[in-house]
Amino acid sequence: MTRAPTNLLNVRTLLLSCLKDLDPAAVGIVGDPAHRGGYHCGSDRVVTNDYSVVESPRDQSGLTLDASGLDVGSFTVRSGGLTHDLRSFSVWCVQQCAAGAADTRDIREIIYSADGKVVRRWDRLGKRTTGDNSHLWHTHFSFFRDSTKAGRDQTPLFRRYLTGIGILEDHMDRAEFLGHLKAALTDEGIATQLRALPWQYAGGGIPKDMSTLGVLNEVLSTTRSTAAKVGADLVDEPAIIAGVLAGLSPQRLSEALKTAGLTPEAIAAAVPADIAQQVVDVLTARLST
């Protein structure tokens with residue numbers, strides 16, 4: 001019988017743990033017993049020419065007993081002086097998909113309403129633009145079945161949303177800081193990698209507590225414009241290093257690294273060996289000015 005896969009159960013748990021106004025009954029993965037066809041069904045419930053199977057090779061190759069859809073019901077939450085709800089959440093998710101954010105690549109479609117009056121559908125395959133009226137009060141996410149079959153983690157997009165609105169804090173330790181930096185500098189999709197980082201402190205500077213995530217934002221946020229100039233398919237490490245350093249005063253850089261327990265050598269250890277010494281030299285020079 002159709003089952004709920006672990007990766008979507010993890011998304012459900014995350015949302016329910018952070019959005020206290022969200023009714024557990026309104027966050028569903030497996031369709032009710034009468035449900036036939038679509039991403040809420042596994043292989044035992046799909047129908048002939050089921051759109052959730054036949055329209056994409058990713059779905060055809062990934063069909064199992066697992067459902068590959070997630071419904072999210074209404075919620076309202078206040079954070080940072082702002083009100084966030086199902087509609088603003090849905091619009092944000094659609095914007096991330098349309099922008100090609102790395103953590104949305106497994107989403108096939110989102111059926112939602114931006115105003116509670118008109119149902120819209122973002123479809124990666126461009127097949128449909130709307131849905132039935134039940135989506136006036138809940139939003140549906142379809143994930144390509146091959147990603148569900150592979151058990152791929154689908155929480156990053158939702159964590160990024162929750163972090164961005166101030167509900168979820170990232171407890172990023174020193175090792176994770178260096179890991180993100182290494183990934184950002186070596187992945188061919190450099191611009192996408194950088195956009196996927198949690199920039200909840202962007203524009204606000206480092207918080208008073210000088211959290212490690214704040215330090216990460218301070219050190220890396222200036223690379224976004226550099227990465228855009230470099231391009232998504234070209235990695236120019238010296239240019240990126242220059243971008244990292246360009247927006248930091250020696251005093252702020254020294255303060256940030258000291259608070260995070262990082263040294264120029266520690267940062268250099270996270271980047272490719274052929275430019276590691278350059279990183280040490282540039283950081284040391286700026287810290288001594």
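# A tour from the sheet edge to the aromatic cluster

Select Ser-113 and Val-119 to begin: Ser-113 stands opposite Val-119 in E6. This is a predicted model.

**Stop 1: the E5–E6 pair.** Show strand E5, residues 107–113, and strand E6, residues 119–123. E5 and E6 pair in the antiparallel sense, over 5 bridges.

**Stop 2: the whole sheet.** Now colour the strands. Which order do the 5 strands of the open sheet take? The order is E1-E2-E7-E5-E6, with antiparallel pairing. E1 and E6 are the edge strands, and each pairs on one side only.

**Stop 3: strand E7.** Select residues 138–143, which make up E7. Follow its two partners in turn.

- E2 (residues 69–73) runs antiparallel to E7, and 5 bridges join the two strands. Pick Gly-69 of the model: the residue opposite in E7 is Ser-142.
- E5 pairs with E7 over 4 bridges, again in the antiparallel sense. Pick Glu-109: its bridge partner in E7 is Ser-142.

Keep Ser-142 labelled. Ser-142 stands opposite Gly-69 and is also the bridge partner of Glu-109.

Next, add a surface. How many of the 6 residues of E7 are buried? The count is 6 of 6, and the strand is mostly covered. In a regular strand, side chains alternate between the two faces of the sheet. Colour the two faces of E7 separately. His-138, His-140 and Ser-142 are on one side. Thr-139, Phe-141 and Phe-143 are on the other. Both faces are covered, and these residues are all buried.

**Stop 4: helix H1.** Select residues 6–18, helix H1. H1 lies across E1, E2 and E7. Sight along E2: H1 runs at about 10° to this strand.

**Stop 5: H1 against H6.** Add helix H6, residues 155–164. Two packed helices are described by the angle between their axes and the distance between the axes. Here the angle is about 15°, and the axes are 9 Å apart. H1 and H6 are therefore roughly parallel to each other. H1 passes H6 in a right-handed crossing. Show side chains at the contact. From H1, take Asn-10, Val-11, Leu-14, Leu-15 and Cys-18. From H6, take Thr-155, Phe-158, Arg-159 and Leu-162.

**Stop 6: Tyr-39 and Tyr-51.** Switch to the aromatic rings. The whole structure holds 7 aromatic pairs. Zoom in on Tyr-39 and Tyr-51. Their ring centres are 5.5 Å apart and their planes stand at 85°, so this pair is edge-to-face. Tyr-39 lies in the loop between strand E1 (27–28) and helix H2 (51–54), and Tyr-51 lies in H2, so the pair ties together parts 12 residues apart in sequence. Is Tyr-39 buried or exposed? Tyr-39 is buried, with a relative accessible area of 1%.

**Stop 7: Phe-89 and Tyr-161.** Move to these two rings. The centres are 4.9 Å apart and the planes are at 65°, so the pair is edge-to-face. Phe-89 lies in helix H4 (residues 86–98) and Tyr-161 in H6, so this pair ties together parts 72 residues apart in sequence. Phe-89 counts as buried at 1% relative accessibility. Tyr-161 counts as buried at 4%.

**Last stop: the cluster.** Keep Phe-89 and Tyr-161 selected, and add Phe-75, Trp-92, Phe-141 and Phe-158. Together they form one aromatic cluster. Two of its members have appeared before. Phe-141 is one of the buried residues of E7. Phe-158 is among the H6 residues that make the contact with H1.

Key
Residues are numbered from 1 along each chain as its sequence is written. This is a predicted model: local features need pLDDT of at least 70, side-chain atom pairs count only at pLDDT 80 or more; totals for chains, interfaces and linings use all residues. Side-chain values use heavy atoms; hydrogens and water are left out. Rings of Phe, Tyr and Trp (its six-membered ring) pair if their centres lie within 6.5 Å; planes under 30 degrees apart count as stacked, over 60 as edge-to-face and the rest as tilted. Buried means under 20% relative accessible area, exposed over 50%, partly exposed in between (1.4 Å probe, protein chains only). Two strands pair if DSSP finds at least two bridges between them. Contact means heavy atoms within 4.5 Å. Axes are lines fitted to C-alpha atoms, for helices over the stretch in contact, and angles run from 0 to 180 degrees between N-to-C directions. Angles under 35 degrees count as roughly parallel, over 145 as roughly antiparallel, 65 to 115 as roughly perpendicular and the rest as oblique. A crossing is left-handed if the near helix is turned anticlockwise from the far one by less than a right angle, and right-handed if clockwise.
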